[in-house]
Amino acid sequence: MYSENGCKTFCCSRCTYSTPDTGHIQVHLAVHDFKEGTMFSVKHNDFGIKLFCCLKCTYATPHKGDLKVHIMTHINIRPYVCSVCQNLLKSKDISKKHSRLHLE
C-alpha cells in the first residue's frame, strides 16, 4: 500500500495501524499475538503469586511487561538500526546501550 505522499506503508491485517517501517509492523503483529495469549500462559506458584509464563521456554515472571520484553528475544525481528554502523537491534534499550559503545 502507498500513502498520500507516495511512500510505501505496511498495514496491520488485524487493526488500523500502519507504518512505513517493515520491522515495526512485525513487532506490532507480535503484540497482537501477545495480547491474544498465544505466546504466554498464566499460572499461580506455590505461594499463590500470579505468574506470566513464556510458552517457548521456562521463563516466568509476575510482571506482564517483563514477559513482553522477554518474548521479543524469541522473535527474530530487529526494527532498530544503529545510525553509526547500521547494526540491526531488537529493542530500543539495546539500541541505546549499543550507541554508547561508539562514544567510547
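Me: Helices are DSSP runs of H or I with at least four residues, and strands are runs of E with at least two, both numbered from the N terminus; which pattern does the protein follow when it is read along the sequence?

Reply: The pattern is β-β-α-β-β-β-α-β-β-α, and it is made up of three helices and seven strands. The model is a predicted one, in which local features need pLDDT of at least 70 and side-chain atom pairs count only at pLDDT 80 or more, while totals for chains, interfaces and linings use all residues. Residues are numbered from 1 along each chain as its sequence is written, and side-chain values use heavy atoms, with hydrogens and water left out.

Me: Why is His98 called buried?

Reply: The word buried is kept for residues under 20% relative accessible area, exposed for those over 50%, and partly exposed for those in between, with a 1.4 Å probe and protein chains only. His98 has a relative accessible area of 13%, so it falls under the lower limit and counts as buried. This residue belongs to helix H3 (residues 92-103). Contact here means heavy atoms within 4.5 Å, and, when residues up to four places away in sequence are not counted, His98 touches Cys82, Cys85, Asn87 and Leu89.

Me: Why is Asp66 called partly exposed?

Reply: The relative accessible area of Asp66 is 38%, which lies between the limits for buried and exposed, and therefore the middle word applies. Asp66 is part of helix H2 (residues 64-71), and apart from its neighbours within four places in sequence it is in contact with Tyr59 and Thr61. Its C-alpha atom is 9.0 Å from that of Phe52, although 14 residues separate the two along the chain.

Me: What puts Leu67, His70 and Ile71 on the same side of H2?

Reply: These three residues of H2 are buried. The directions from the helix axis to their C-beta atoms define an arc, and this arc covers only 95 degrees, which is why they are placed on the same side of H2.

Me: What order do the strands have in the open sheet of three strands, and why do some of them count as edges?

Reply: Two strands pair if DSSP finds at least two bridges between them, and by this rule the open sheet runs in the order S3-S4-S5 with antiparallel pairing. Strand S3 (40-44) and strand S5 (60-61) each have a single partner strand, so one side of each has no neighbour in the sheet and they stand at the edges. S3 pairs with strand S4 (residues 50-54) over five bridges, and in this pairing Ser41 is opposite Cys53. H2 packs on the sheet and touches S3, S4 and S5, its direction making about 5 degrees with that of S4; the axes are lines fitted to C-alpha atoms, for helices over the stretch in contact, and angles run from 0 to 180 degrees between N-to-C directions.

Me: How do you know that S4 and S5 pair?

Reply: Two bridges join S4 to S5, which reaches the minimum in the rule for pairing, so the two strands count as paired. One position to look at is Phe52, which stands opposite Thr61 in S5 and is also the bridge partner of Val42. A hairpin of five residues leads from S4 to S5.

Me: What makes S4 largely enclosed by the rest of the structure?

Reply: Four of the five residues of S4 are buried, and so the strand is largely enclosed.

Me: Which residues form the largest nonpolar core?

Reply: A nonpolar core is a set of buried Ala, Val, Leu, Ile, Met, Phe, Trp, Tyr and Cys residues joined through side-chain atoms within 4.5 Å. The largest one has ten residues, namely Ala30, Met39, Phe40, Phe52, Cys54, Leu67, Ile71, Met72, Ile75 and Ile77. S4 and H2 each supply at least two of them. In soluble globular proteins, nonpolar side chains tend to be buried together.

Me: What is the sign of phi in Gln86?

Reply: Phi of Gln86 is positive, near 65 degrees, and this residue is not glycine. Most residues other than glycine have a negative phi. Gln86 lies in the loop between strand S6 (80-81) and strand S7 (88-89).
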